[in-house]
Amino acid sequence: MSYERWKAVDDFVGELLVGADVPLDEAVARSTREGLPAIAVSPPQGKFLYLLARIHGARRVLELGTLGGYSTIWLARALPRDGVVVTLELDPRYAQVAGENFARAGVADMVEQHVGPALDTLRELRTQDTEPFDMVFIDADKQTTPEYFTECVELTRRAGVIVVDNVVRDGEVAVADSDDAGARGMRRFHEQLTESPRWSATTIQTVGVKGYDGFTLVLLDE
Ligand code: SAH
Ligand code: DHB
Ligand code: MG
């Protein structure tokens, strides 16, 4: 099975189940034009996040790793009118491009952007006693995922949902002595998931236009 096939299926699914979507297509185009790396979730994955947020009835969503805001737009669209996506990004230039994408997509008033290291922002949110989030999407630098997860659990309501992207990394997650720091982070994250009775979790491997990777879904206890 080849990457070409994975991409062909993503294209097929994207065409039929997502379709042409001017704001999202423009967000990708602007991000490409501005030189942002092409590492946003794929259209089928974006729609998956959107559907999950709707299934969960999410109103407050926290996202780590904005990039050009592609996944943010999907999440914002899933929320009621008084909903908000709080999204954290290290790179001010990426955040600016994302801000333009939010305005064009008509979701700017539903998105709260924070620029800086996500760990700092998460700790600030905690000291500010932020209203708990219903759903979290962790998609920033991969090696820090265990620390992000620990902080995010504290910021999420009971029975909240946490999705973590890029946890399989070409299968490197199963390699004990991997020299990929991101994969080692995701290994540590899985070990951390076994350590507490406070949640229920699974990991699903994926292939597609973004290659071979996967995501973890965590449901916090009531
Ligand atoms: N969620 C986006 C993709 C995010 S890519 C989407 O699917 O559309 C990962 C992002 O995390 C990059 O934009 C990168 O700049 C950002 N990032 C890396 N290290 C970070 C850190 N320490 N704090 C916050 N963001 C970080
Ligand atoms: C990569 C992919 C991602 O989805 C992401 O959020 C960050 C990095 C990558 O392939 O390098
Ligand atoms: Mg990702």
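By class, twelve nonpolar, four polar and four charged residues form the shell around ligand 1 in this predicted model. Here Ala, Val, Leu, Ile, Met, Phe, Trp, Tyr, Cys and Pro count as nonpolar, Asp, Glu, Lys and Arg as charged, and the others, Gly among them, as polar. The 20 residues around ligand 1 include Gly65, Ser71, Glu89, Ala118 and Asp139, which come nearest. A residue is near a molecule if one of its heavy atoms lies within 4 Å of it.

This is a predicted model: local features need pLDDT of at least 70, side-chain atom pairs count only at pLDDT 80 or more, and totals for chains, interfaces and linings use all residues. Residues are numbered from 1 along each chain as its sequence is written, chains are lettered from A and ligands numbered from 1 in the order in which they are written, and side-chain values use heavy atoms, with hydrogens and water left out.

Polar contacts with both ligands are tabulated below. Each pairs N or O atoms within 3.5 Å.

| Ligand atom | Protein partner | Distance |
|---|---|---|
| Ligand 1, nitrogen | Gly65, polar backbone atom | 2.8 Å |
| Ligand 1, oxygen | Leu67, backbone N or O atom | 3.4 Å |
| Ligand 1, nitrogen | Leu90, polar backbone atom | 3.2 Å |
| Ligand 2, oxygen | Ile39, polar backbone atom | 3.1 Å |
| Ligand 2, oxygen | Lys142, polar side-chain atom | 2.9 Å |
| Ligand 2, oxygen | Arg169, side-chain N or O atom | 3.1 Å |

On its own, ligand 2 has 290 Å² of accessible area, and the protein covers 67% of this. For ligand 1, the protein covers 89% of 580 Å². These areas come from the Shrake-Rupley method with a 1.4 Å probe.

Ile39, Asp139, Lys142, Asp165, Asn166 and Arg169 surround ligand 2. That shell has one nonpolar, one polar and four charged residues.

Ligand 1 takes up space in the largest pocket. Ligand 2 sits in the largest pocket too. A pocket is an open set of points on a 1 Å grid over the protein atoms alone, with protein on both sides within 12 Å along at least five of seven lines. A molecule sits in it if more than half of its atoms lie within 2 Å of its grid points.

Salt bridges number twelve. Each puts a side-chain nitrogen of Lys or Arg within 4 Å of a carboxyl oxygen of Asp or Glu. One joins Lys7 and Asp11 at 2.7 Å, N to O. These two are four residues apart in helix α1 (residues 3-18), so about one helical turn separates Lys7 and Asp11.

Conventions:
Polar contact = N/O pair within 3.5 Å; in protein donor to acceptor, adjacent residues only side chain to side chain. 1 Å grid on protein atoms, 1.4 Å probe; cavity = no way out; pocket = protein on both sides within 12 Å on 5 of 7 lines; lining within 4 Å.
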